[in-house]
Amino acid sequence: MSKLTESKEWKALQAHQKDIARIPVRKLFEDDPQRFQRFSCRFNDILFDYSKNHIDQTTIDLLVQLADANGLREQTLAMYRGEPINNTENRSVLHIALRNRSNRPIKLNGKDVMHEVNLQLSKMQHFSDKVRSGEWVGYSGKKITNVVNIGIGGSDLGPKMVRHALKPYTRPDIRCHFVSNMDPTDIMNTISGLNPETTLFLVASKSFTTPETLTNAETAKEWLLKTAQDRRAVCKHFVAMSTNYDAVKQFGIDPENMFEFWDWVGGRYSLWSAVGLSIAVGLGMYRFEELLQGAYEVDEHFRDTPFEQNIPALMGLLGIWNNNFFHSHGHAVMPYDQNLDIFPRFLQQLDMESNGKYVDRDGNPVDYATGPIIWGEAGTNGQHAFFQLLHQGTQLAPCDFMVAAVNHNEVHSRHEKLLANFLAQPEAMMRGKNREQVIEELHASGLKNPSETLIQSKIFPGNRPNSMFIYDKLTAKTLGSLIAFYEHKVFTQGIIWNINSFDQMGVELGKQLANAILPELSSDNVNNQHDSSTQSLINEIVDRRNTLM
């Protein structure tokens, strides 16, 4: 047994779970008229309501004791001080420095990193202003009308999610596109309708060797040069977010147009860095700074606020409560905001790449569940896709719901209909419907002798945990805060589970095997190290390609 599961705090939570599981959440509401006030928090324009979780005050008290016993406060301060909390790679974790709007010193090995951060922010502003004003032109003297971000993982999902979420603030004369998939269909579909003379490519790769990113960048360069027919045009149409000066220069990009970021910025946290250049170009640097401000204010809240009122800490603790004590292994995110429809996918990487670990920080296998499977869908679409499972399935999946009080597109009473659905679904999940209610409704509808099968099919168990976010309107600042809430939630859980949330070793194995297989697809080389299935599939694909091409 691990130190965590043998701790008195863990065992106290196990005993408490057996007691509270017997009490329906609707009964907890009936017994406490102040339950909403007791289990909700406000931060700027954001309301976080977690009262529909299967908890009482004892639950929160015990979870806070678990956080204290596992050094959450100490580890938080260690991260903010720049200590190498990424222990497997001996790296600091300082995405908080990227949005440090106070500009107070944050030191790494005795050196204040804010000087370099501010230099890159200034460079981003200068560049984005030139593109947006029309001063930056392509090789033929025409202004840029389309920007294509080429990246993968965090260098794609982060900026793509933000650009999509803040679409109401974009300018129609500068359109942004995102390419990540190595499948050539992705890049070809993107550039097929664009004009090489007015297209700018932003290539995001820290090492400038990422296979997916460099493959797409080379395709984009070939496409440009078919029209430009002069390699000097590359420096007018490509910039890089990287640290590899030589590789960037060799590609044909002017090193003056290389934007740097650092090894203390993980890919899934990189949208706050120069990787967010597409955000600055598309929305303006002032919007990008609003995004940073929203995250910075959450950073201050997370560091300074007692856990009982600390929104990211509470999110993390509730996740542990549901995951480890109610044995839910999935977590659904439902933004009732179409502009946030990429947000669940962004959170998939943030959460599952961070906490999808089976060994602790000392290399020992864990004996408890760690990161949940994250999934979700925007708005009412999910209601007609997977909510059946959420309401009546055998798998318990806690949910996060989020909505703006005011829509960017207020059309008659349509947003009110959306709000009604947003409010109804969490209530239904918590409250459920018992046998007596079902029979009463069937009788009221004129069905006097309903079958037992029909009755059972209409019973909802309830007690499905969920939390809700309500904000005024989706602005850059509000979005920055929402993202930071989830970042610190993931950190909270990683600390309590005693896992390293900041490496991603599981990403590497597939890359290694792909590199070994690649030569076999274009030659007669045979690697006898494969299993019979993999080798047979390689042979099958090679035979089909030789026949069809």
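## Two helices to start with

Is helix H15 mostly covered or mostly open to the outside? Mostly covered: of the 20 residues in H15, 15 are buried. Keep in mind as you look around that this is a predicted model. H15 takes in residues 285–304. From the first C-alpha of H15 to the last, the reach is 28 Å, close to the 28 Å expected at 1.5 Å a residue.

Helix H16 covers residues 311–325 and has 15 residues. Its end-to-end C-alpha reach is 20 Å, close to the expected 21 Å. Here 15 of the 15 residues are buried, so H16 is largely enclosed by the rest of the structure.

## Two residues with positive phi

What comes with a positive phi after H16? That's His327, with phi near 60°. His327 is a residue other than glycine, and its place is in the loop between H16 and strand E10 (330–335). Its relative accessibility is 56%, so His327 counts as exposed, the cut-off being over 50%.

Asn103 also has a positive phi, near 65°, and is likewise not a glycine. You'll find Asn103 in the loop between helix H7 (95–98) and strand E3 (107–108). With 40% relative accessibility, Asn103 counts as partly exposed.

## Aromatic rings in pairs

How many aromatic pairs does the count come to? The answer is 28. Take Phe201 and Trp223: their ring centres are 5.9 Å apart and their planes stand at 85°, so this pair is edge-to-face, a label for angles over 60 degrees. The two come from distant parts of the chain, 22 residues apart, with Phe201 in strand E7 (residues 199–204) and Trp223 in helix H11 (residues 211–228). Phe201 is buried, at a relative accessible area of 0%. Trp223 counts as buried as well, at 16%.

Now look at Trp375 and Phe386. Their ring centres lie 4.8 Å apart with the planes at 70°, so this pair is edge-to-face too. Trp375 sits in strand E11 (residues 373–376), while Phe386 sits in the loop between E11 and helix H18 (387–392), so the pair ties together parts that are 11 residues apart in sequence. Is Phe386 buried or exposed? At 17% relative accessibility, Phe386 counts as buried. Trp375, at 21%, is partly exposed, because buried means under 20%.

## A cluster, and charges over rings

Some aromatic residues gather in a group. Phe39, Phe43, Phe48, Tyr50, Phe343, Phe346, Phe469, Phe485 and Tyr486 form one aromatic cluster.

Rings can also have a charge over them. Which ring does the charged end of Arg35 sit over? It is the ring of Phe29, with the charged end of Arg35 5.1 Å from the ring centre. Arg99 lies over the face of Trp272, at 4.6 Å from that ring's centre.

## The cysteines

How many disulfides does the count come to? Zero. Cys399 is a case in point: the nearest cysteine sulfur belongs to Cys41 and is 20 Å away, whereas a disulfide needs two sulfur atoms within 2.5 Å. Cys399 is buried, with a relative accessible area of 1%. Cys176 counts as buried too, at 18% relative accessibility.

## The largest pocket

Next, the largest pocket, which has a volume of about 1,000 Å³. Its lining is made up of 42 residues. Which of them lie nearest the centre of the pocket? Those are Ile152, Gly267, Glu353, Gln504 and Lys511.

Four helices give two or more residues each to this lining: H9 (154–165), H11, H17 (343–355) and H23 (506–517). H9 gives the most, with five residues. H11 is also the helix that holds Trp223 from the pair with Phe201.

## One long stretch across the model

Last stop: Phe36, whose place is in helix H4 (residues 35–38). Phe36 is partly exposed, with a relative accessible area of 28%. Where does that leave Phe36 with respect to Lys142? Their C-alpha atoms are separated by 57 Å, and along the chain the two are 106 residues apart.

Conventions
Residues numbered from 1 in each chain as written. Predicted model: local features only at pLDDT ≥ 70, side-chain atom pairs only at ≥ 80, totals over all residues. Heavy atoms only, no water. Phe/Tyr/Trp six-rings, centres within 6.5 Å; stacked < 30°, edge-to-face > 60°. Buried < 20%, exposed > 50% of the residue type's maximum accessible area, 1.4 Å probe, protein only. Lys NZ or Arg CZ within 6 Å of the ring centre and 35° of its normal. Expected span 1.5 Å × (residues − 1). 1 Å grid on protein atoms, 1.4 Å probe; cavity = no way out; pocket = protein on both sides within 12 Å on 5 of 7 lines; lining within 4 Å. Points joined across faces, edges and corners; volume = space filled by probe spheres on them.
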